[in-house]
Amino acid sequence: MTLIAIGASHKTASADLRGKLSVPADRLPGVLEALCACEAISEAVIVSTCNRTEVYAVALTAPDGVRAVVDELRALPGMDGAAASALGSALYVKQGPGAVEHLLRVVSSLDSLVLGEAQIIGQVRRAFAAAEEAGSAGELLSRLFRCALETGKLVRSETGIGARSVSVSTAAVELAKEMFGTLEGRRVLVIGAGEMGELALGYLHEQGARDVAVANRTVARAEALAARVGGEACGLDELEARLGEADIVIASAAADEPLVTEALLRRARRGCGERPLLVVDVALPRTVEPEVADLPGVAWHDLDGLGDVAQRNARLRAAESVKAEALVAERTDAFLAWLQEREVAPTVKQMHGKARTVCDAEVARAAKALAAQRGEAVSDAERAALEAMASAIAKKLLHGPTARLRKQASDPDGYRYTEAARYLFGLDAYPQGFSCRSDEGRSCRLASGTPCARHGGGACPHNREERSCVA
């Protein structure tokens, strides 16, 4: 079994593609169930935020696991032909130690669009809780995600990477300050009263915005949120009027279709001329149609447009991120050491079990040969002597390898020795992560009937006699 992470993030995929890959909370159980129903996958957790969708899985082999995950991603409701085509270049794959380190960096906000943002820990915690509830997080992923969440908290407590609360929403407010200089006297409309809207509203108030309106499907929720900053609340049916009054719009409402269309905003701004309006859409799927950017006076930005703000944020926190990376490396090594210890004991047991099987077969062969040579069966005492000799030889031969495996158990790189031992002793057809066709497209190196890791230890399925059969 091998640990893999497959996903797409703000670094590799457009906001549009990320929106189509997004897995809402109500769909998570079904997707997790479908993943674990695949023969290649035994455990799975899905982390889906506005900036990334990632699947962490325990797979029989990396290639089979990746194929299963990609098939499920392509089958998501929002994926159309164009998105499916773009998926190939947007996806990244991490395996083994790389997958562990990646998750720990994600939870520590080192891989975030805005370095140091605080939301990611809660988002990963909810993703893990959903997997636990769905029964898709087993021993390995449970241990990994608990380690990751502990690492995220450690990074925030022992470094200054989150000294100033930042998120995508607060980066949007920074963009507004750049455009208008000050938020005092500016009329602000926040669309959506969820976590993103709440963060944006708090930071807007902190930066001096007082003329604030919150629009939401559930007006009661909007009222509760607006009351914290002395703002007004309204339903989505009032959007047109509110848009016509606004100088700054921060949109974070979840919707299958854009709530603010080009036509709606054009009507709302009739008579406004080229009066500046900043629209920042931090939602996925988008709340605002990109075409609004063509209207006079309108500056529109989506998540991808916050890149410059994020880069400046990264420069300010560069020194603290070095400390955070060191903590992540330390915690990654600790997890890999646990993983190595977890794998050593069953590997040693299987090595000795295989040796016993070989010994029994060779003792039986030797006893049969002796019986044929002298014309009578070997005695019980003779058989016991043969068994003792075979067992002693096996133990002496295995002593060195098993002692060295156990010695390497505390080394984070020790898993390489375990994988090599499993391969060399024939416990796996190939080391973890290898199938009978390599990534470079080399031919299968198994003969017909040979145990194959790709097929759960069953015989090579290619039914070829030659050793160069093609997978």
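Trainee: At what angle do α5 and α14 pack, and how far apart are their axes?

Mentor: Helices α5 and α14 pack at an angle of about 135°, and their axes are 9 Å apart. The axes are lines fitted to C-alpha atoms, for helices over the stretch in contact, and the angles run from 0 to 180 degrees between N-to-C directions. This is a predicted model, in which local features need pLDDT of at least 70 and side-chain atom pairs count only at pLDDT 80 or more, while totals for chains, interfaces and linings use all residues. Residues are numbered from 1 along each chain as its sequence is written, and side-chain values use heavy atoms, with hydrogens and water left out.

Trainee: Why are α5 and α14 called oblique to each other?

Mentor: Angles under 35 degrees count as roughly parallel, over 145 as roughly antiparallel, 65 to 115 as roughly perpendicular, and the rest as oblique. The angle of about 135° falls in none of the named ranges, and α5 and α14 are therefore oblique.

Trainee: Which residues of α5 and α14 meet?

Mentor: From α5, P97, V100, E101, L104 and R105 meet E325, V328, R331, T332, F335 and L336 of α14. They divide into 6 nonpolar, 1 polar and 4 charged. Here Ala, Val, Leu, Ile, Met, Phe, Trp, Tyr, Cys and Pro count as nonpolar, Asp, Glu, Lys and Arg as charged, and the others, Gly among them, as polar. A contact requires heavy atoms within 4.5 Å.

Trainee: What makes α5 and α7 oblique to each other?

Mentor: Helices α5 and α7 pack at an angle of about 40°, with axes 8 Å apart. That angle again lies outside the parallel, antiparallel and perpendicular ranges, and this pair is therefore oblique. The residues of the contact of α5 with α7 divide into 9 nonpolar, 2 polar and no charged.

Trainee: Where does H102 lie, and how do you know whether H102 is buried or exposed?

Mentor: H102 lies in helix α5, residues 97-107. Helices are DSSP runs (H or I, at least four residues), as are strands (E, at least two), numbered from the N terminus. Buried means under 20% relative accessible area, exposed over 50%, and partly exposed in between (1.4 Å probe, protein chains only). At 7% relative accessibility, H102 is buried. Leaving aside residues up to four places away in sequence, H102 touches R52, E54, Y56, Y92, K94 and D111.

Trainee: Why is the aromatic pair of F128 and F145 called stacked?

Mentor: Rings of Phe, Tyr and Trp (its six-membered ring) pair if their centres lie within 6.5 Å; planes under 30 degrees apart count as stacked, over 60 as edge-to-face and the rest as tilted. F128 and F145 are 5.7 Å centre to centre with 20° between the planes, and the pair is stacked. F128 lies in helix α6 (residues 119-134) and F145 in helix α7 (residues 139-158), so the pair ties together parts 17 residues apart in sequence. Both F128 and F145 are buried, and ring pairs link them with Y56 into a cluster.

Trainee: What makes the pair of F335 and W338 tilted?

Mentor: These rings are 5.3 Å centre to centre, with 45° between the planes, an angle neither under 30 nor over 60 degrees, so the pair counts as tilted. F335 and W338 lie in helix α14 (residues 318-374), 3 residues apart, about one turn of the helix. F335, at 3% relative accessibility, is buried, and W338, at 14%, is also buried.
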